[in-house]
Amino acid sequence: MARVHLWGELRDLAGGRQVLDVEARTVAHLLDRLDDLHPGLGSAVRDELAVAIDGEVMTNAEYEPLTATSEVHFLPPIAGG
Amino acid sequence: MTTEAPSYKWVGTRSVRPDGFDKVTGRARFGADRHLPGMLIGVVVRSPHAHALIRSVDTSAAAVMPGVKAVITSADLPEISSEEAMSGESVVDYRDLSHNVLARGKVLYVDHPVAAIAATSRRAAEAAAAAVVVEYDVLPHVLTVDEAMAPDAPILHPDQRTVGAVEPSDEPSNIAKRRWFGRGDTEAGFAACDVVIEREFTTRPVHQGYIEPHAVVASTDTDGRSEVWCSSQGHFLVRSQTAKVLGWDPSRLRVIPAEIGGGFGGKTTIYLEPLAVLLSAKSGRPVKLVMDRNEVFMASGPAPGARLRVKIGATSDGDLVAATAWMAFEAGAFKGSPVGAAVQTVFAPYDIPHVDIEGFDVVVNTPKVAAYRAPGAPIAAFATESVLDELAHALGIDPIDLRLRNAVEEGVESTYGPTFRRIGFKETLEAIRDHPHYAAPLGPNQGRGVASGFWFNAGLDSSATVSIHEDGTASVLTGSPDIGGSRASMALMAAEELGIDPTDVRPSIVDTDSIGFTDVTGGSRVTFATGMAVVEACRDIVTTLRTRAATMWGVDIDAVEWVEGRAQMRSGDRPPLSIAEIATASGKTGGPIAATASLTARGVGVAFSTQVCDVEVDPETGIVSVVRYTTAQDAGRAIHPSYVEGQMQGGVVQGIGWALNEAYVYDTEGRMENPSFLDYRMPVASDVPMIDTVIVEVPNPGHPYGVRGVGEVGIVPPLAAIANAIADATGARIRDLPMSPPRVVAELAALGSVDGQGPPLG
């Protein structure tokens with residue numbers, strides 16, 4: 001199962017939990033699963049999605065595949081100069 | 001994927017820049033250089049107030065003045081509902097973008113556009129602009145986060161609620177977002193520390209200071225399609241944002257990139273483009289708009305001002321145990337400051353078990369901020385790296401040793417969450433520690449400061465098309481505007497892959513109809529991501545060249561290898577075929593030889609820099625002279641070392657200006673008092689010493705050549721490095737930017753070092 005780490009305010013939507021283990025094939029599937037588990041959590045992430053998978057920060061990552069050992073962090077998006 | 005000590009022929013060399021001849025001869029065409037037959041000149045009618053309701057806009061008199069061909073207001077744009085969406089690497093609310101292009105119902109800063117006019121001459125357009133009658137109900141305004149966050153503050157956006165508030169409320173607020181990161185138990189962590197230091201810092205807005213102002217020419221045909229020439233950091237972004245604001249399909253716009261005279265992040269959004277397209281559509285003639293310098297300062301996006309509190313605790317051995325940060329960033333008139341990046345970068349270089357970081361995105365009555373080189377990170381690092389310097393002194397530990405002791409490395413979980421892959425932070429610290437500069441003696445009134453910085457790199461989408469011509473040369477087409485030498489890097493990578501001389505590679509940046517979608521030149525991404533597309537296309541080309549040679553020889557492709565720009569049979573049975581010979585015969589072997597690669601670049605790395613500077617402080621005038629500066633940065637692999645050094649030096653010089661002189665100064669009405677390069681003092685060549693550079697190369701495993709982005713992180717350490725050097729020289733810890741002569745004199749007076757009779761504080 002992918003291990004999802006939640007930053008700051010997202011934890012409030014997951015009952016204060018910092019880490020969730022979720023079975024998911026892709027990031028998009030993961031967001032659906034998060035909404036099932038904690039209504040509103042997946043949607044909150046979708047609004048401003050930057051995701052780090054195994055240490056690499058990505059945007060436009062909805063269809064990135066996840067594996068049973070994926071470490072996933074949701075982050076505020078960053079604009080470079 | 002990347003080898004440690006590769007042997008490259010062209011990568012890592014200092015080839016002549018492909019754009020050099022055009023630039024030194026004046027042939028390069030920048031945004032304002034486009035002239036079309038029958039072209040009109042546009043001007044923008046701007047708000048004189050920092051905050052006001054628009055009661056009415058009467059353009060009737062202006063519209064009938066001599067030479068006037070078109071007048072537009074926000075009524076000519078579709079009303080867009082609030083919708084946040086990714087645009088490039090940024091989140092954009094298109095309603096805000098539209099309202100920033102032309103105010104609707106309210107003006108939110110001095111010089112906020114209210115209307116635009118196109119006429120046969122600038123004089124006619126300006127006369128008509130003066131005849132536009134706008135009735136305002138002036139409202140009280142706020143210019144700083146302190147004013148905007150006060151309980152009774154005037155509200156800019158009555159429909160704005162704080163996202164992420166600790167206690168959600170339905171009351172309108174100038175705080176658009178609260179960001180929070182944390183891990184561990186900071187209270188227990190601080191209790192275990194031997195030394196804890198907490199300090200507060202303030203910074204003011206600063207501008208990127210690109211020499212070329214925003215400029216656009218639009219020509220809209222009767223079929224409803226428009227061609228747009230403009231200088232930007234991303235013409236695909238210009239296309240998509242302009243289309244969204246106009247309510248057009250993007251395919252109706254063809255955006256043609258001009259040569260760009262600097263951007264540094266400030267040209268990753270739109271201001272004039274929808275106005276030019278609309279004025280052209282209404283008038284039936286091409287329209288040009290060019291900002292003057294006042295408009296650039298007052299109506300394009302600077303970097304934010306901010307207030308921060310940072311607290312860091314350590315054991316007597318120098319182990320960092322706990323850290324907290326509170327920060328509020330000015331977003332300008334619409335939400336979207338870089339506080340999200342600041343909360344992620346503020347402690348990122350260090351392995352600290354207990355952290356608690358809180359940030360606020362706050363709207364104020366100033367221009368909407370824009371990206372500026374590593375947005376948010378320099379401000380955050382100013383606080384962290386200053387406190388670390390104080391900690392080092394309190395602990396009696398060398399400041400580089402303290403950083404080395406706590407520096408992150410591969411496998412360490414960052415303070416923003418993800419675990420670092422391969423990085424070169426420690427190597428940058430060691431490079432500065434071992435540099436002769438670090439041990440060189442100092443003179444009277446001189447001091448030395450060090451600081452480090454972290455920044456992300458972006459990947460995003462890029463495209464490249466490579467074509468081989470019959471003379472054996474190659475064209476490389478991309479959609480990435482070249483703001484830092486990327487054409488030279490593309491040519492070098494193509495030359496390396498194809499085995500030809502870089503002077504036989506012609507790199508070009510082409511319009512939105514001529515190449516696949518490409519994201520902005522920003523986020524230090526182009527050499528990494530667009531370079532990856534170029535490499536991929538070239539590898540396809542090499543496969544094709546081998547196939548064609550095999551056809552010409554009547555053998556299988558596996559019998560053919562590509563060596564230094566020639567096909568040769570592994571058996572050595574035939575003389576090699578040059579790339580020109582294969583290209584010349586291409587019509588007989590399958591057709592023209594070209595390849596395109598379009599990709600979303602994955603494998604992006606992160607960037608670190610460590611810097612040391614020496615300053616000399618005149619105790620009478622407070623003038624701070626930077627007398628020596630050395631910067632070390634992990635480039636992964638320097639494709640073109642001269643351009644890497646240029647990026648490193650450019651970041652430092654902009655940081656020196658931010659540290660010592662630059663700041664927006666507002667009067668009580670919210671009007672910027674120093675909107676010119678005479679009064680907004682940026683460093684010039686005579687203000688800075690030669691910036692020594694040390695390129696550290698810890699290859700990024702995610703790129704064919706190990707590239708990391710180099711364009712931004714160089715601006716992160718200078719604010720603190722200079723503050724620390726001033727403290728070393730004088731004992732004065734300055735935590736309020738800029739550290740201009742009046743500020744320095746006041747700080748020295750507070751220490752009793754001088755009489756404090758210098759000029760008044762700015």
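The paragraphs below go through the two chains of a predicted model, A and then B. Local features are given only where pLDDT is at least 70 and side-chain atom pairs only at pLDDT 80 or more, while totals for chains, interfaces and linings use all residues; residues are numbered from 1 along each chain, chains are lettered from A in the order in which they are written, and side-chain values use heavy atoms, without hydrogens or water.

Chain A contains three helices and five strands. Helices (H or I, at least four residues) and strands (E, at least two) are DSSP runs, numbered from the N terminus. Read from the N terminus, the order of elements in chain A is β-α-β-α-α-β-β-β. Its C-alpha atoms fill a box of roughly 35 × 25 × 15 Å along the principal axes. The radius of gyration is 11 Å, which agrees with the value near 12 Å for a compact globule of 81 residues. That radius is taken over C-alpha atoms, and the globule rule is 2.2 Å times the number of residues to the power 0.38.

Of the 81 residues in chain A, 54% are buried. Buried means under 20% relative accessible area, exposed means over 50%, and partly exposed lies in between (1.4 Å probe, protein chains only). Chain A exposes about 3,400 Å², and carbon and sulfur atoms supply 49% of that area. Accessible areas come from the Shrake-Rupley method with a 1.4 Å probe, and for residues only the protein chains shown count as cover. A contact means heavy atoms within 4.5 Å. Among contacts in chain A between residues at least 6 apart in sequence, 47% join residues at least 24 apart. Chain A carries 6 positive and 14 negative side chains, and the centres of the two sets are 7 Å apart. Here Lys and Arg count as positive, Asp and Glu as negative, and His and the chain ends are not counted. Each charge is placed at NZ of Lys, CZ of Arg, CG of Asp or CD of Glu.

Chain B has 21 helices and 28 strands. Its radius of gyration is 27 Å, close to the 27 Å that the globule rule gives for 762 residues, so chain B is as compact as a globular protein of that length. The C-alpha trace of chain B spans about 85 × 75 × 50 Å along its principal axes. Buried residues are 63% of the 762 in chain B. Of the contacts in chain B with a separation of 6 or more, 78% are between residues 24 or more positions apart.

One residue that shows such a link is B:Ala119, in strand S7 (residues 113–119) of chain B. The C-alpha atoms of B:Ala119 and B:Gly42 are separated by 6.4 Å, although the two residues are 77 apart along the chain. B:Ala119 counts as buried because its relative accessibility is 0%. Leaving aside residues up to four places away in sequence, B:Ala119 touches residues including B:Leu40, B:Ile41 and B:Val68.

A charged residue can be buried too: B:Glu385, in helix H11 (residues 377–395) of chain B, has a relative accessibility of 2% and so counts as buried. Among the residues that B:Glu385 touches, not counting those up to four places away in sequence, are B:Tyr350, B:Arg403 and B:Asn724.

Most residues other than glycine have a negative phi, and most peptide bonds are trans. In the loop between strand S17 (354–363) and H11 of chain B lies B:Arg373, which has a positive phi of about 25°. B:Ala374 is in the loop between S17 and H11 as well, with a positive phi of about 55°. B:Arg373 is buried because its relative accessible area is 5%, and B:Ala374 is buried because its value is 0%.

Further along, a cis peptide bond with omega about 0° joins B:Leu737 and B:Pro738. B:Pro738 sits in the loop between H20 and H21 of chain B. In helix H21 (residues 741–751), the buried residues include B:Pro742, B:Val745 and B:Leu748. The cover over the buried residues of H21(B) includes strand S26 (606–617), strand S27 (624–634) and helix H20 (718–730). After H21(B) comes B:Gly752, with a positive phi near 80°.
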